[in-house]
Amino acid sequence: FSDGVESHTCSGRYVSGLDISTVSEDIVGMGRTTIRFRNQDAYWYSTNQQLDVITGSDQTISVEGDVLTSRIAVEVSGGSAGVPQILTNATTGTSLTFGGDTSSFNAILNVQNFTAVQNSKNVLAYVAHSGDYSWMTLAPGDNVMTLTGGGQAQITYRGAFL
């Protein structure tokens, strides 16, 4: 940038975390501005990707990034009362189970935020998982996903970069 006017906008948070506001710098002529960014969780994320997994068929997810990601939301549907729906990632060895009835209302399991909602109600009591800290993770590259227990699962995810 050597002449004219350039405008850039960035939302930021002060390191103290006490004030969220827009920071503005006006520079006339030649100048130099340095801005330092720090991610709150140390990762950059790709855009949302989606995959439908139907009971009885393995599906392969190709995940961008270079580290495991838990930026995942799973919407399960078409299940029956008394038959848990289990989504398994054969690549990472993690699985996510919803033990509620999804024949009438879909359930949305948000792995990143540790929430489970069905028909505007908290259904966290119906969730079980095999992951250590995260309920489920996706590895960079190909992940083989399997759903058992009937119905389908729509997975929305974002790859993570370190």
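1. Strand 6 (residues 72-77) and strand 14 (residues 152-157) are antiparallel partners, joined over 6 bridges. Within this pairing, Val 76 has Ala 153 of strand 14 as its bridge partner. The model is predicted, and these pairings should be read as features of a prediction.

2. Strand 6 also pairs with strand 9 (residues 107-110), again in the antiparallel sense, over 4 bridges. Here Glu 75 is matched with Ile 108 of strand 9. Glu 75 and Val 76 therefore give one bridge example for each pairing of strand 6: Ile 108 in strand 9 is the partner of Glu 75, and Ala 153 in strand 14 is the partner of Val 76. In general, strands of a sheet pair through backbone hydrogen bonds, in either a parallel or an antiparallel arrangement.

3. Both pairings belong to an open sheet of 6 strands, ordered 4-14-6-9-10-11, with antiparallel pairing. Which strands stand at the edges of this sheet? They are strand 4 (49-54) and strand 11; each has a single partner strand, so one side of each lacks a neighbour in the sheet.

4. For the chain as a whole, the assignment gives 15 strands and 0 helices. Of the contacts between residues at least 6 apart in sequence, 73% join residues at least 24 apart. Buried residues account for 28% of the 162 residues. The exposed area of the protein chain is about 10,400 Å², and carbon and sulfur atoms supply 50% of that area.

5. The loop between strand 10 (115-118) and strand 11 (121-122) deserves a check of its backbone. It contains Asn 119 and Ser 120. Asn 119 is not a glycine, yet its phi is positive, at about 55 degrees. Ser 120, also not a glycine, has a positive phi of about 65 degrees. Most residues other than glycine have a negative phi.

6. Are these two loop residues buried or exposed? Asn 119 is partly exposed, with a relative accessible area of 39%. Ser 120 counts as exposed because its relative accessibility is 74%, and the cut-off for exposed is over 50%.

7. Thr 137 sits in another loop, the one between strand 12 (127-129) and strand 13 (141-148). This residue is buried because its relative accessible area of 14% falls under the 20% limit. Apart from neighbours within four places in sequence, Thr 137 is in contact with Leu 68, Thr 69, Ile 72, Asn 89, Thr 92 and Thr 94. One of these contacts, Ile 72, belongs to strand 6 (residues 72-77).

8. The second largest pocket has a volume of about 240 Å³. It is lined by 15 residues, and those closest to its centre are Asp 41, Tyr 45, Ser 70, Arg 71 and Ser 134. By class, the lining consists of 8 nonpolar, 5 polar and 2 charged residues.

Note on methods
Residues are numbered from 1 along each chain as its sequence is written. This is a predicted model: local features need pLDDT of at least 70, side-chain atom pairs count only at pLDDT 80 or more; totals for chains, interfaces and linings use all residues. Side-chain values use heavy atoms; hydrogens and water are left out. Helices (H or I, at least four residues) and strands (E, at least two) are DSSP runs, numbered from the N terminus. Buried means under 20% relative accessible area, exposed over 50%, partly exposed in between (1.4 Å probe, protein chains only). Contact means heavy atoms within 4.5 Å. Accessible areas come from the Shrake-Rupley method with a 1.4 Å probe; for residues, only the protein chains shown count as cover. Two strands pair if DSSP finds at least two bridges between them. On a 1 Å grid over the protein atoms alone, a cavity is a set of points where a 1.4 Å probe fits but cannot get out, and a pocket is an open set with protein on both sides within 12 Å along at least five of seven lines; lining residues have an atom within 4 Å of a point. Grid points are joined across faces, edges and corners, and a volume is the space filled by probe spheres set on the points. Ala, Val, Leu, Ile, Met, Phe, Trp, Tyr, Cys and Pro count as nonpolar, Asp, Glu, Lys and Arg as charged, and the others, Gly among them, as polar.
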